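Reader: I would like to learn how to read a model like this one. Please take it feature by feature.

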There are 2 protein chains.
Amino acid sequence: MIDPDRFLSDLHKLRRFGAAGVGKGVCKGVRRPAYSEPDIAARTWLAGRIEQAGLTPHFDPMGNLFGLAEGPSLLMGSHSDSQPEGGWLDGALGVIAALEVARASRESAGPPISVVSFQDEEGRFGVTTGSAVWSGHLSLDEADALTDHGGNRLQQMRSVLAERSDGFVDPARFTGFVELHIEQGPVLDQAREQIGVVSDIVGIRDMNITFSGQQNHAGTTPMHLRRDAFQGLAAFNAALNDRLRNVVTPRTVWTIGHVALHPNASSIVPGRVTFSMQWRDGDPARLARMETIIRDTIADIAGQYALETGFGPMLGLEPVAMDATLRGALEAAAEDVAPGRWRVMPSGALHDATNVARLLPVAMLFVPSIGGISHDFAEDTDETDLVAGLRVLAGAAERLGGQARA
Amino acid sequence: MIDPDRFLSDLHKLRRFGAAGVGKGVCKGVRRPAYSEPDIAARTWLAGRIEQAGLTPHFDPMGNLFGLAEGPSLLMGSHSDSQPEGGWLDGALGVIAALEVARASRESAGPPISVVSFQDEEGRFGVTTGSAVWSGHLSLDEADALTDHGGNRLQQMRSVLAERSDGFVDPARFTGFVELHIEQGPVLDQAREQIGVVSDIVGIRDMNITFSGQQNHAGTTPMHLRRDAFQGLAAFNAALNDRLRNVVTPRTVWTIGHVALHPNASSIVPGRVTFSMQWRDGDPARLARMETIIRDTIADIAGQYALETGFGPMLGLEPVAMDATLRGALEAAAEDVAPGRWRVMPSGALHDATNVARLLPVAMLFVPSIGGISHDFAEDTDETDLVAGLRVLAGAAERLGGQARA
């Protein structure tokens with residue numbers, strides 16, 4: 001039987017490593033970036049808790065910490081590193097919930113569950129770096145060459161764990177991977193629901209686009225003779241919003257988040273603008289249709305405004321569908337724990353599960369983020385929702401009986 | 001009688017100070033910012049030419065260089081400093097043309113003409129700094145505290161001329177001020193006209209505007225829950241262009257030239273944008289109507305997009321109408337020199353004449369800028385147009401007979 005109090009107690013103990021504030025009513029957030037002193041201390045404490053639970057702690061060369069059950073087992077977990085100024089739950093919730101489920105299952109001779117806390121999910125050095133290396137998406141040599149904003153090399157940072165680390169864990173010992181995470185968005189909170197069972201992790205397309213016109217004096221250049229790059233950007237944005245209307249679903253998102261005007265002076269007609277165009281959806285065909293619409297709209301606007309265009313390389317991550325069996329177990333457990341108060345939803349954010357899907361069947365579930373806030377000291381979730389998430393995770397483990405792989 | 005060859009020869013001699021390139025077919029531009037070594041050398045050379053012309057050279061404490069005729073006289077000129085990478089004509093044209101008109105008038109016992117080259121028109125330290133101090137718009141103490149981008153103080157820079165400088169010239173000795181300048185815009189060049197007689201120097205309004213929404217994760221925040229500051233800016237731009245249509249004239253200009261998004265990252269819904277809104281027109285009433293429309297449109301968009309708004313201080317320069325008598329003399333001379341190939345037009349750019357208008361009746365005339373290009377090494381004007389400008393300036397001087405003030 002899972003023990004909600006023990007789970008919450010462990011969650012609050014983990015919070016003390018890198019705590020941004022201590023005591024009642026003060027900020028709950030943490031500063032626990034990958035390989036920082038609080039991160040290493042937290043992993044050391046976690047390895048002890050894993051051992052006390054009867055599992056075998058195992059650090060791999062990246063600093064990913066596993067708690068291994070004997071024989072084939074279902075893997076559960078997330079990550080315990082945080083953003084430089086992060087929330088207390090984020091990945092920590094999924095790690096401690098996995099620990100409680102594995103511990104309780106062991107105590108009641110249930111199915112074998114292993115636990116993991118991946119390293120550097122928050123991307124101090126890359127993007128979901130620890131699970132990227134474990135899944136073979138990134139080689140250890142490539143990872144070693146990565147540096148953080150302070151110029152520190154990952155190779156140097158991971159060496160503090162060298163003494164305690166063994167090789168990489170063979171993924172063949174796991175039958176699947178289930179990750180509990182906070183939603184990091186407002187959907188569940190606004191709908192007053194407790195659980196989101198993830199259908200897929202959306203794919204991303206991201207590219208820089210440039211409009212070039214003619215830089216000119218903002219006093220002496222009449223409006224009809226201007227080739228104003230900012231006007232092109234604004235017109236593109238309006239036309240794109242209009243044209244996407246019949247193509248997107250309520251889950252589709254697109255964002256112009258970065259804009260660089262040149263020369264960016266109030267008295268000069270902008271001669272050039274480079275901006276980011278990012279779009280996300282669970283359907284690769286829709287991602288491709290959107291790309292066509294974006295490129296066509298750019299060409300049309302360039303013609304209308306006498307601008308030249310440039311495209312940076314397109315970065316892409318494919319959508320990852322969740323495994324039907326694992327997801328079915330989560331859905332059944334969700335209906336049990338929170339009848340009528342759960343939904344199937346996509347994950348708009350990346351997670352370690354994206355990488356692990358290269359190796360294993362994966363599934364994910366969300367609990368609400370109050371106000372949709374994350375990556376912020378103010379991030380929080382009601383205790384009843386935290387416990388609901390734990391119960392769904394445990395219920396799925398029971399249903400799967402440690403045999404996720406058909 | 002004016003001597004076009006002597007005029008062109010002096011213009012090319014001045015170009016050698018700070019020349020960006022030398023020889024046939026190479027770039028004609030100059031690097032002659034205020035108080036730089038080439039600027040001081042050019043002013044020293046110019047003082048010699050002034051003396052040779054029988055005028056009295058006079059440096060004031062700012063480094064403005066006058067060439068004074070005896071008794072009441074009409075003042076002509078512009079500035080000989082340049083942008084860090086400037087064109088060879090810009091203000092230099094008006095200075096050398098004034099020198100030739102004054103010299104020729106003196107040789108033929110015509111009306112007395114004085115000459116001026118103002119200092120720092122290009123704003124290394126401020127905005128039209130030399131004429132601003134001479135006209136009393138800026139005190140010498142205020143000017144002394146100004147610094148350039150390199151941290152140099154104006155007080156230090158002007159001290160190199162201290163030995164040679166006398167006090168400020170009494171403006172009462174001048175009957176008016178006429179400035180010849182390149183257009184710095186495309187209007188005359190596109191119309192294949194030779195002369196623009198300036199009706200007024202347009203007024204400017206300039207302010208920073210901020211939209212604040214909610215910074216959010218670009219993957220997990222559905223479109224309908226976003227408060228995206230960039231979307232607000234783009235919508236404002238479209239609505240403003242639409243609403244201004246029935247208010248503006250073909251001379252009115254408005255520009256969003258500076259945009260700063262926050263946090264300006266491709267994966268984050270922008271929570272804030274600050275942008276510059278600048279508009280120019282010759283009619284103060286229209287400038288005020290445009291301000292009302294801008295503020296109303298901001299409020300409407302803020303309501304539609306759930307954004308908060310902020311306004312920086314509004315910087316303003318009032319429109320300056322040209323003196324009717326001086327302008328009439330320029331128009332008559334233009335019809336004489338370039339019949340059917342001149343027009344009355346506003347100046348969209350600021351000039352020293354804006355400041356001098358505080359002291360004296362002023363007028364201006366333009367010659368074409370090839371391709372509308374200025375503040376660039378590529379800036380140029382056909383020699384025939386340069387000479388046409390000189391002839392109109394001389395014709396106006398003759399008509400005014402040194403008695404511009406009625």
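Author: Keep in mind that this is a predicted model. Start with the two chains. A turn of 180 degrees and a shift of 0.2 Å along the axis lay chain B on chain A, with an RMSD of 0.2 Å. That is the relation of a two-fold axis.

Reader: Which residue of chain B comes closest to the rotation axis?

Author: B:Ala234 does, with its C-alpha at 2.4 Å. The same surface also serves both copies: 98% of the contact residues of chain B recur in chain A.

Reader: How many residues does each chain give to the contact?

Author: Chain B gives 44 residues, and chain A gives 44 residues.

Reader: How do I read the size of an interface?

Author: Often by the accessible area that is lost when the parts come together. Here chain B and chain A bury about 3600 Å² between them. Carbon and sulfur atoms carry 54% of it.

Reader: How many salt bridges and how many polar contacts cross it?

Author: The rule finds 0 salt bridges across the interface of chain B and chain A. Polar contacts are another matter: 20 residue pairs between the two chains, both residues at pLDDT 80 or more.

Reader: Which elements of chain B supply the side that touches chain A?

Author: Several elements supply at least two residues each, including helix H7 (187–191), helix H8 (229–244) and strand S12 (272–281) of chain B. Strands S9 (253–255), S10 (259–262) and S11 (268–269) of chain B are also among them. The largest share is 6 residues, and it comes from H8(B). By class, this side of chain B has 19 nonpolar, 21 polar and 4 charged residues.

Reader: Next, aromatic pairs. What describes one?

Author: The distance of the ring centres and the angle of the planes. Over all chains the count is 22 aromatic pairs. Take A:Tyr35 and A:Phe125: their centres are 5.9 Å apart and their planes are at 65 degrees, an edge-to-face pair. A:Tyr35 sits in the loop between helix H1 (4–15) and helix H2 (37–52) of chain A, and A:Phe125 in the loop between strand S4 (113–118) and helix H4 (129–134), so the pair ties together parts that are 90 residues apart in sequence.

Reader: And side chains of opposite charge?

Author: They can pair when their charged atoms come close. The whole structure has 44 salt bridges over all chains. In one of them, A:Glu70 pairs with A:Arg106, with the closest N and O atoms 3.2 Å apart. A:Glu70 lies in the loop between strand S2 (65–68) and strand S3 (73–79) of chain A, and A:Arg106 in helix H3 (residues 90–107), so this pair ties together parts that are 36 residues apart in sequence.

Reader: What should I look for in the backbone?

Author: Look for exceptions. Most residues other than glycine have a negative phi, and most peptide bonds are trans.

Reader: Where is a peptide bond cis in each chain?

Author: In chain A, from A:His262 to A:Pro263, with omega near 0 degrees. A:Pro263 is in the loop between strand S10 (259–262) and strand S11 (268–269). In chain B, the bond from B:His262 to B:Pro263 is cis, again with omega near 0 degrees. B:Pro263 is in the loop between S10 and S11 of chain B.

Reader: Which residue of chain A has a positive phi although it is not a glycine?

Author: A:Gln184, at about 65 degrees. A:Gln184 lies in the loop between strand S5 (174–182) and helix H7 (187–191) of chain A.

Note on methods
Residues are numbered from 1 along each chain as its sequence is written. Chains are lettered from A and ligands numbered from 1 in the order in which they are written. This is a predicted model: local features need pLDDT of at least 70, side-chain atom pairs count only at pLDDT 80 or more; totals for chains, interfaces and linings use all residues. Side-chain values use heavy atoms; hydrogens and water are left out. Copies are superposed by least squares on the C-alpha atoms of residues with pLDDT of at least 70 in both. Contact means heavy atoms within 4.5 Å. Buried area is the accessible area (1.4 Å probe) that two parts lose on being put together, summed over both. A salt bridge is a side-chain nitrogen of Lys or Arg within 4 Å of a carboxyl oxygen of Asp or Glu. A polar contact is a pair of N or O atoms within 3.5 Å; within protein, one must be able to donate a hydrogen and the other to accept it, and residues adjacent in sequence count only if both atoms are side-chain atoms. Helices (H or I, at least four residues) and strands (E, at least two) are DSSP runs, numbered from the N terminus. Ala, Val, Leu, Ile, Met, Phe, Trp, Tyr, Cys and Pro count as nonpolar, Asp, Glu, Lys and Arg as charged, and the others, Gly among them, as polar. Rings of Phe, Tyr and Trp (its six-membered ring) pair if their centres lie within 6.5 Å; planes under 30 degrees apart count as stacked, over 60 as edge-to-face and the rest as tilted.
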